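Thanks, everyone; I would like to take a few minutes to walk through one model, going from single residues to helices and then to the whole chain. Please have a look at it on the screen while I talk.

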Amino acid sequence: MPDLRAQLGALLFRRVAGPDGPAVRARIHGTPGARWFGPERPIRVVHGDASMFVGGVSALLLQSLHPLAMAAVAAHSGYRGDPWGRLQRTSTFLAVTTYGTAADAQAAVDHVRGIHEKVRGATPDGRPYHAADPHLLRWVHTAETACFLAAHERYGARPLDPEGYDAYVADTARVAEALGVPDPPRDRRALCERLAAYRGELEATPEARSAARFLLLEPPLPLPARPLYGALAANAVTLLPSWARNLLRLPRVPLVEDLTVRPAGHLLVGAIRWAMRPPAHPDRGPGRDPDP
């Protein structure tokens, strides 16, 4: 069993972190220096939990509903041609800003801001977009934070109390401000209000529906792995607000979701947690989820 767990954990980690993942993780955690977040900050608890596998897919679906943000992703991200590369870059950014030194976190933020400055274009109907637009950055941050929080609350190994989730939102605001997000939400109530404030701008464009089909029905995985991914994706859908599901034409089937989808999600997240649990680390006791 230990060998099986190690093999599965290494396979999952390679998919998420890339071939250089072990070296990158060693550098993130082994480099001495001040961090943006201390060892027991809520952002470390949430981002180190296996529930992020579900929350990440849910965040991509929700973010796709802003037509300007989705147009930028469709034209510039290469998510279809190199989906694993995009996942690995995102995973590394989250890991560096959550667990790395303050200097490395700032360098990662500066790199992303440089990329955002270059991403410009227009939607198919002629609306201009710029990835560095503070309004778009705020949407991406708000949607991501809401989904990561919802996933941890439902599937996390140790869900936080209300004060802990407020502190998690405040922690993510530190990173958001560094990325150029003006006045990011700092507690759960403000997060919900900010999410609601964007609803009038959201729509399921053809690009958004295409991205949803890719994420939910056409994942770049071998056939034997697709049923497990299907369970993960189905649980990601259940985290979406009902209005977001309606826009993406993802109907809710309460009996099926309550009796099969959610239990399968708990089992799957638990299996991922078991496979990826590392040895004890100075910043975490045995039995905690791995930091990315």
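Threonine 172 has its place in helix 9, residues 162-179, where helices are DSSP runs of H or I with at least four residues, strands are runs of E with at least two, and both are numbered from the N terminus. Threonine 172 counts as buried because its relative accessibility is 6%; buried means under 20% relative accessible area, exposed means over 50%, and partly exposed is in between, with a 1.4 Å probe and protein chains only. If we leave aside its neighbours within four places in sequence, threonine 172 is in contact with Ile43, His141 and Thr145, contact being heavy atoms within 4.5 Å.

Before going further, a word on the source: this is a predicted model, in which local features need pLDDT of at least 70 and side-chain atom pairs count only at pLDDT 80 or more, while totals for chains, interfaces and linings use all residues. Residues are numbered from 1 along each chain as its sequence is written, and side-chain values use heavy atoms, with hydrogens and water left out.

Let me turn to helix 8, where phenylalanine 148 has its place. With a relative accessible area of 5%, phenylalanine 148 is buried, and, again leaving aside neighbours within four places in sequence, its contacts are Val46, His47, Met52, Gly55, Gly56, Ala59, Leu94 and Tyr168. For one of these partners, methionine 52, the C-alpha to C-alpha distance to phenylalanine 148 is 6.2 Å, although the two are 96 residues apart in sequence.

Methionine 52 also appears among the buried residues of helix 4, which are Met52, Val54, Gly55, Val57, Ser58, Ala59, Leu61, Leu62 and Gln63. Because 9 of its 12 residues are buried, helix 4 is largely enclosed by the rest of the structure. From first C-alpha to last, helix 4 reaches 16 Å, close to the 16 Å expected at 1.5 Å a residue; the expected span is 1.5 Å times one less than the number of residues.

Which helices do the buried residues of helix 12 pack against? They pack against helix 4 (52-63), helix 8, helix 11, helix 13 (242-247) and helix 14 (254-276), and the buried residues concerned are Tyr229, Leu232, Ala233, Asn235, Ala236, Val237, Thr238 and Leu239. The 14 residues of helix 12, residues 226-239, should span 20 Å at 1.5 Å a residue, and its end C-alpha atoms are indeed 20 Å apart.

In helix 11 we find serine 210, which counts as buried at 19% relative accessibility. Beyond its neighbours within four places in sequence, serine 210 is in contact with Tyr79 and Arg80.

Now to the rings. The structure holds 1 aromatic pair, formed by tryptophan 139 and tyrosine 198, which is tilted, at 5.3 Å centre to centre and with 50 degrees between the planes. Rings of Phe, Tyr and Trp (its six-membered ring) pair if their centres lie within 6.5 Å, and planes under 30 degrees apart count as stacked, over 60 as edge-to-face and the rest as tilted. The pair links distant parts of the chain, with tryptophan 139 in helix 8 (residues 134-155) and tyrosine 198 in the loop between helix 10 (188-197) and helix 11 (206-217), 59 residues apart. Both tryptophan 139 and tyrosine 198 are buried.

There are also charges over rings, meaning that NZ of Lys or CZ of Arg is within 6 Å of the ring centre and within 35 degrees of the ring normal. The charged end of arginine 25 sits over the ring of phenylalanine 13, 4.2 Å from its centre, and arginine 188 lies over the face of tyrosine 165, at 5.6 Å from the ring centre.

On the backbone, most residues other than glycine have a negative phi. Aspartate 183, however, has a positive phi of about 45 degrees; it lies in the loop between helix 9 and helix 10 and counts as exposed at 54% relative accessibility. Arginine 249, with phi near 60 degrees, is in the loop between helix 13 and helix 14 and is likewise exposed, at 61%.

Finally, the whole chain: the secondary structure comes to 14 helices and 2 strands. Buried residues make up 48% of the 292 residues, and residues 24 or more positions apart account for 73% of the contacts with a separation of 6 or more.
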